[in-house]
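Hi,

Here is the structure I said I would pass on. Have a look at it first, and then my notes below should be easy to follow.

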Amino acid sequence: KDAALTHLLIPQSTKGLGINLSPQFEVPEGGSPVLLTREGNLYDLEKRSYYPHTKPLNITSFTISSSLFVVIRKDMLGWYEDGAVKERIKLPQTGMKVAAGPKQRIYVYGDRGAGSMIYLLEDGQEIPLVEVSRGRITAFTAIGERIFYAVGNVIFTIAKGERPGLLFAAEGEGLIRSLAIDPKIGVIYF
């Protein structure tokens, strides 16, 4: 009743901006939405301008962790700083996506054969968490040590010491593209 919906960007307005967007975006705490273009550059939606860069960033996935832009470029994980990507960790393969968790936890996930794999990057280690034998992970989020991921139209959850459990199947939907958690009331949005 007291909520308001404000459209920040609609498909028709992207043409007017002259940008070609990927489905990835983040909203920094207290900031405006940051979008990833298909060319791999970061775009500030409020300022209607690109983040500074001296040459194309070629970012394929990004997240924000404690105000740090954590990025993937090809098979390297690093961060965006001063208009450039600082590469630091070689990932198991190209095409992985990155997601931030609480307490500066970083998760990477991606395809593996006919399935998918989720890793936790912590203390310089790459810790395998979940192997999905069949299906591609299409969305991911975490709250505390609990993670949630979607494969097609099904949402699964797992925490330390557990096996993955089916949480919800979205009937009538073919694909869940994003997941978000409201930690205060424990609601998951997709």
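Let me start with β11, which is mostly covered: 7 of its 8 residues are buried. Bear in mind throughout that this is a predicted model.

β11 has a partner strand on either side in my notes, so to speak, and I'll take them in turn. With β10 it runs antiparallel, and 7 bridges join the two. One pair to click on is Asp111, whose bridge partner in β11 is Ser116. The hairpin of β10 and β11 has 2 residues between the strands, and Gly113 takes a positive phi there, near 65 degrees.

The pairing of β11 with β12 is antiparallel too, over 7 bridges. Ser116 turns up again here, with Val132 as its bridge partner in β12. This hairpin also has 2 residues between the strands, and in it Asp123 has a positive phi near 50 degrees.

Next, the packing. The largest nonpolar core has 14 residues, and the ones touching the most other members are Tyr107, Ile118, Val130, Ile137, Phe140, Ile147 and Tyr149. At least two residues of this core come from each of β10 (106-112), β11 (115-122), β12 (125-132), β13 (137-143) and β14 (146-151). As a general point, nonpolar side chains in soluble globular proteins tend to be buried together.

If you want one residue to centre your view on, try Ile137. Leaving out residues up to four places away in sequence, Ile137 touches Tyr109, Ser116, Ile118, Val132, Tyr149, Ala150 and Val151. Apart from the largest core lies another one, of 12 residues, including Leu36, Leu42, Tyr51 and Val71.

Now for Asp44, in strand β3 (residues 42-44). Is Asp44 buried or exposed? Its relative accessible area is 9%, under the 20% cut-off, so Asp44 counts as buried. Not counting residues up to four places away in sequence, Asp44 touches Ser32, Pro33, Ser49 and Tyr51. For a distance check, the C-alpha atoms of Asp44 and His7 are separated by 15 Å, with the two residues 37 apart along the chain.

Last, the surface. Leu167, Phe168 and Phe190 form a nonpolar patch there, and together they have about 290 Å² of accessible area. Leu167 sits in strand β16 (residues 165-169). At a relative accessible area of 41%, Leu167 is partly exposed, because that label covers values between 20% and 50%.

Cheers

Conventions: Residues are numbered from 1 along each chain as its sequence is written. This is a predicted model: local features need pLDDT of at least 70, side-chain atom pairs count only at pLDDT 80 or more; totals for chains, interfaces and linings use all residues. Side-chain values use heavy atoms; hydrogens and water are left out. A nonpolar core is a set of buried Ala, Val, Leu, Ile, Met, Phe, Trp, Tyr and Cys residues joined through side-chain atoms within 4.5 Å. Buried means under 20% relative accessible area, exposed over 50%, partly exposed in between (1.4 Å probe, protein chains only). Helices (H or I, at least four residues) and strands (E, at least two) are DSSP runs, numbered from the N terminus. Contact means heavy atoms within 4.5 Å. Patches are made of residues with over 30% relative accessible area and no salt bridge: like charges are joined within 9 Å, nonpolar side chains (Val, Leu, Ile, Met, Phe, Trp, Tyr) within 5 Å. Accessible areas come from the Shrake-Rupley method with a 1.4 Å probe; for residues, only the protein chains shown count as cover. A salt bridge is a side-chain nitrogen of Lys or Arg within 4 Å of a carboxyl oxygen of Asp or Glu. Two strands pair if DSSP finds at least two bridges between them.
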